Amino acid sequence: MRVSLFVTCLGDRFFANAAADAVRLLRSLDVEVDFPKDQTCCGQPAWNAGDVPEALRMATHTAEVFADADYVVLPSGSCTAMLRCTYPRLLEAPAVAERSYELAEFIVDVLEVTELGRGLEGRRLAYHHGCHALRELGLETQPVRLLESAGAGVVPWEMDQECCGFGGLFSVKNPEVSVAMADRKLDTLPDVETVVSADGGCLLQLDGRARHRGLPIRFKSLASVLWEARRGGA
Amino acid sequence: MEVHSGDYRARARRIIEETPEVREAVTAATRTFVEHRLEAFADLDEDALSHWAERVKSHALTHLADYLEEAEARLVERGAHVHWAESASDVHRILERIVRDNGVKKVVKAKSMLSEEVGLNPFLESCGVEVLETDLGEYIIQLFGEPPSHIVGPSIHRSLDDIRAIFHERLGTPRDASPERLAAAARELLRNAFLTAEMGISGGNFLVAETGSIALIENEGNIRLSTSVPRIHVALVGIEKVLPKWDDLSIFLQVTAKSATGQPVGCFVSIIQGPGGSAAGEPDGPEELHVVLVDNGRSRLLADPEVWEALRCVRCGACLNICPVYRQTGGHAYGYVYSGPIGAILAPGLVGLEETLPLPFASTHCGACKDVCPVRIPIPDLLHVWRKRAVERGLTSGVERSVLGLWASVVTRPALFGLAEKVAGLIPDQVVRHLPMLREWSAGRELPRATGRTFRELWDEGIE
Amino acid sequence: MSRDARERILSRVRDANRDREPVSHPGPLPEAAEPPGPFTQAADAEVDGQTGVADPVDAFENRLRAAGGEVVRLADKAAVRAWLKEFASEFESVSVCKGVPQGLQPELAAAAPSEASLGVSLAVGAAAQTGSLLLSSREGRQAQLLPPVHLVWVRAQDVHTTLGEALQACREDLPATLALHSGPSKSADIGQILVTGVHGPGRIIAAILGADA
């Protein structure tokens, strides 16, 4: 099986190692990974800002880059939602829409793998659901299932499905509200060593706020933690 | 009311920084509403209910003129006076006439968001009429001189201690009075008002075309009293409130109450067909019923092919309760009578996009509101429509446009993208912190940790 | 001028819908989607320790109790007399709505609704689904609203399963105001703390009359 990796702009710049872990993980599951070099941004920032022509340009470009891919796998729930749920509103029958999967979704739903290994034995984690992953993709059980089957305790968190306050441009247009939202998440967090999420924007937001407050919590990409699950050990 | 949506950010900041207790009170109250709503829908086929309710409201809206005429005819047959108001000033003129013709000195008001929308209280006061809000929450904010902070719970931003203090100052209750004692003090004062006011003013949750019925949902009994005891009852009803048939009413009463507070139905529901008293051959009740059908921007919103669905709203407040943005500030940040997600789509439609501009952007697009709307208004999509129009009309900030434009021109050129990322990585944090937008980011958050290399570089080197 | 406003509003509304595909009315809500009301909800299980209540009168009782109302069921005239005598002893004065039969009126000094310690009315129907008593303005509203305690008589045969059925039964002869009372007056507007008896009656007692009462 062959997939094309869409690393996403945040993934390329801020989560390069996590994206590399996604590649390692997929290869370990006998998946051939290809990285089309012409890829840029999915266009979600422009779309959310209301700039439809720019979003269209980026969507058109992305659809072309991945036109021949059997599967497009993204280490990002939000960008996957852009491809799958928003592209059909911008482009006519974009093939890329139905072939795109968030990483954990791809592993569980397409590869039908629910146990990656036991590399997370004894770890106490919390899982933050990105809004678009949760509400647009319906990605709810897959990541948690993979974490738990690897031995991790995913600790219940009353606010695990509430927005972290990132929201792209929202985070800088309304920084006070955005930070208050992050605080609400952090203040309700159970006693865990690491918070895991499939979304880079959320991780930047929560990690940026936690460090500003001097909170000793680690934030990690789902891709990296799943690779730990597979490979064993941290 | 006056619209102050332009300073959304400044208002939100003030609330968060200067009155942190508001954030706590609003969060606690809305989370309670959400829990009760969840319990109320636990055993229900929520999808079937919301699809049905959506269809009924859309049917009513796409046949609105006929249904308004039908409702008017039924009301007139029962002896009600029906008035039509295109704007807030029309409402004022109509009320002024009723007040003057009847020598009205005192008005008791039952909770009505529409009366807030058209700024009725200050107008009536300018006519020399004493106006008393009778819903306990509305009465509290009237004492504070504030607009409502929530569609259903107008005073949710006020803590028990705040309310104790203002009651002590204004009604002379002890500083440590219990909620029961405070409520009793308000009851006593307002009871006298019910018995002496010449006129009661209410809103209307629904207007049933088939029977000309105005339905009102509440828990305190103040709406029943305001519409029963004074000699004149005036109901302000938005033209979008129509339900086609009598048989539609029972489900809408239940869906609205369940969505708002999780109750099976409000403790009191008034279903009003006409005036009471001798006019109707009844022992008591208002001798005159005036129904004011208010447009005030609604017909313009109905004509909008992309946003008209917002008019299905039944004002249950479920989207406010679930909204993590609303929860940080309550309604006052929005600077408009309708706040939260529904306010952010109604405000540009009823008032104008320019006047209410940041509101469609006062959302992270998290989508939680869409899942709880009992009439399936696609709120995130409608927010996006307003954002799109703001960009098309050149109303977004220059900085934002240039940052996005730069982003766009770079990210669509892969070579340039790679280069730009490298350059960005070289700029020291101290400089970055002063750049527009990054400055806003780094005021409360650390900048992302530099990872050293991009994925592109890792890929080129070969991933082991 | 108001005539002009009417014409302008209606014409704008018609214009707004001119190019829009009309949406058809879906008809009645499918029965399966009706809110289950008191029959299956957990709140009722807490009231009487059982679920799956099928009899509308039982269900009505559960629902109204869950909302803080009181319910008494009286099988025959003797039971009514005995209960009413005992109940009335708690009060000083009464305001009775027009149309309440003599045998259902407590023997208390009559007072104006604003002065009476008890108001008594006779419901035109009830709905189990929502625990609602349906009250007509034809019997007078003030005794339903002003006294702090409200006793409502309702005949068991007038208790309908759904609110829709109860409203349908009133459809042909609607009073100026038809009211639903489904619990005591309450508010959580003061710091989210529940307070009863805010404006309307703080106690509501539904007295259900059996076939022989």
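What share of the contacts in chain B with a separation of 6 or more comes from residues 24 or more positions apart? The share is 74%. The legends below describe a predicted model.

**Figure 1. Chain B as a whole, with its 24 helices and 10 strands.**
The C-alpha trace of chain B spans about 90 × 55 × 45 Å along its principal axes. Chain B has a radius of gyration of 25 Å, which agrees with the value near 23 Å that a compact globule of 464 residues would have. Of those 464 residues, 58% are buried. In the contacts of chain B with a separation of 6 or more, residues 24 or more positions apart account for 74%.

**Figure 2. Helix 17 of chain B, residues 340–350, and its surroundings.**
This helix is mostly covered, with 11 of its 11 residues buried. The run of buried residues begins with B:Gly340, B:Pro341, B:Ile342 and B:Gly343. It continues through B:Ala344, B:Ile345, B:Leu346 and B:Ala347, and also includes B:Pro348, B:Gly349 and B:Leu350. The elements that the buried residues of helix 17 of chain B pack against are helix 14 (298–302), helix 15 (318–322), helix 16 (326–329), helix 18 (368–372) and helix 19 (379–392) of chain B. Just after helix 17 of chain B comes B:Gly352, where phi is positive at about 130 degrees.

**Figure 3. The contact between chain B and chain C.**
Chain B contributes 78 residues to this contact, and chain C contributes 70 residues. On the side of chain B that touches chain C, the largest share comes from helix 3 (residues 46–62) of chain B, which supplies eight residues. By residue type, the side of chain B that touches chain C holds 41 nonpolar, 24 polar and 13 charged residues.

**Figure 4. Helix 12 of chain B packed with helix 6 of chain C.**
Helix 12 of chain B covers residues 246–261, and helix 6 of chain C covers residues 163–170. Their axes are 9 Å apart and the packing angle is about 145 degrees. The crossing of helix 12 of chain B with helix 6 of chain C is right-handed. From helix 12 of chain B, the contact is made by B:Trp246, B:Asp247, B:Leu249, B:Ser250, B:Leu253 and B:Gln254. Helix 6 of chain C brings C:Leu163, C:Gly164, C:Leu167 and C:Gln168 to the contact. The residues of the contact of helix 12 of chain B with helix 6 of chain C comprise five nonpolar, four polar and one charged.

**Figure 5. Chain C as a whole, with its six helices and 12 strands.**
Along the principal axes, the C-alpha trace of chain C spans about 65 × 45 × 40 Å. Chain C has 213 residues, of which 52% count as buried. Of the contacts in chain C with a separation of 6 or more, 63% are accounted for by residues 24 or more positions apart.

**Figure 6. A loop of chain C at C:Gln192.**
The loop that holds C:Gln192 runs between strand 10 (186–187) and strand 11 (195–196) of chain C. C:Gln192 is not a glycine, yet it has a positive phi of about 65 degrees. With 17 other C-beta atoms within 10 Å, C:Gln192 is partly exposed.

**Figure 7. The two domains of chain A and the contact between them.**
In the domain assignment of chain A, domain 1 covers 2–110 and domain 2 covers 124–231. The centres of domain 1 and domain 2 of chain A, taken over C-alpha atoms, are separated by 20 Å. To the contact, domain 1 of chain A gives 30 residues and domain 2 of chain A gives 24 residues. On the side of domain 1 of chain A that touches domain 2 of chain A, at least two residues each come from helix 1 (9–14), helix 2 (16–28), helix 3 (44–48), helix 5 (77–90) and helix 7 (103–110) of chain A. Helix 2 of chain A gives the most to this side, with eight residues. The side of domain 1 of chain A that touches domain 2 of chain A has 16 nonpolar, eight polar and six charged residues.

**Figure 8. A loop of chain A at A:Asp30.**
A:Asp30 lies in the loop between helix 2 and strand 2 (32–34) of chain A. Although A:Asp30 is not a glycine, its phi is positive at about 65 degrees. A:Asp30 is exposed, with 8 other C-beta atoms within 10 Å.

Technical notes
Residues numbered from 1 in each chain as written. Chains lettered and ligands numbered in written order. Predicted model: local features only at pLDDT ≥ 70, side-chain atom pairs only at ≥ 80, totals over all residues. Helix = DSSP H or I, 4+ residues; strand = E, 2+ residues; numbered from the N terminus. Rg over C-alpha atoms; globule rule 2.2 N^0.38 Å. Buried ≥ 20, exposed ≤ 12 C-beta atoms within 10 Å, placed from the backbone. Contact = placed C-beta atoms within 7 Å. Domains from an automatic or database assignment. Nonpolar A, V, L, I, M, F, W, Y, C, P; charged D, E, K, R; others polar. Axes fitted to C-alpha atoms, helices over the stretch in contact; angles between N-to-C directions. Left-handed = near helix turned anticlockwise from the far one by under 90°.
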